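Student: I should like a close look at a single part of this protein, namely its aromatic pair and the surroundings. Please set it in the context of the whole chain.

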Amino acid sequence: MSQRHATDVVSLIFGIIFAGLTVVWVVGGVDATNIDQVWLAGPVILVAAGTAGLIAALRNRDEPT
């Protein structure tokens with residue numbers, strides 16, 4: 001069985017950012033929302049990525065190496 005490896009925090013953060021921007025692009029492309037509300041998505045995506053990065057970094061710190 002394969003061993004569990006450490007989470008790559010940088011890849012996790014950039015994955016969240018790219019996925020969030022893709023969702024914003026798709027939602028904006030199909031005109032599912034008012035364009036005035038889309039500006040809020042950028043900060044929300046960055047806060048979510050930062051929170052996930054902090055959680056992953058704190059989790060990796062607690063695990064024995």
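Tutor: The account below goes from the whole chain to the aromatic pair and then to confidence.

The model is predicted, so local features need pLDDT of at least 70 and side-chain atom pairs count only at pLDDT 80 or more, while totals for chains, interfaces and linings use all residues. Residues are numbered from 1 along each chain as its sequence is written, and side-chain values use heavy atoms, with hydrogens and water left out.

The protein has three helices and zero strands, in the order α-α-α from the N terminus. Helices (H or I, at least four residues) and strands (E, at least two) are DSSP runs, numbered from the N terminus. Of the 65 residues, 11% are buried; buried means under 20% relative accessible area, exposed over 50%, and partly exposed in between, with a 1.4 Å probe and protein chains only. About 5,500 Å² of the protein is exposed, and carbon and sulfur atoms supply 67% of that area. Such areas come from the Shrake-Rupley method with a 1.4 Å probe; for residues, only the protein chains shown count as cover.

The whole structure holds one aromatic pair. It is formed by Phe-14 and Phe-18, and it counts as tilted because the ring centres are 6.2 Å apart and the planes stand at 35°. Rings of Phe, Tyr and Trp (its six-membered ring) pair if their centres lie within 6.5 Å; planes under 30 degrees apart are stacked, over 60 edge-to-face, and the rest tilted. Phe-14 and Phe-18 are separated by about one helical turn because they are four residues apart in helix H1. Phe-14 counts as partly exposed, at 46% relative accessibility, whereas Phe-18 counts as exposed, at 54%.

Both rings also belong to a nonpolar surface patch: Val-10, Phe-14, Phe-18 and Leu-21 together have about 420 Å² of accessible area. Patches are made of residues with over 30% relative accessible area and no salt bridge (a side-chain nitrogen of Lys or Arg within 4 Å of a carboxyl oxygen of Asp or Glu); like charges are joined within 9 Å, and nonpolar side chains (Val, Leu, Ile, Met, Phe, Trp, Tyr) within 5 Å. Val-10 is found in helix H1, residues 9-29.

As to confidence, pLDDT (the predictor's confidence in each residue, from 0 to 100) averages 75 for the protein, and 74% of the residues score at least 70. Confidence is highest in H1, at a mean of 80, and lowest in helix H2 (residues 35-38), at 66. Where pLDDT is low, the predicted coordinates should not be read in detail.
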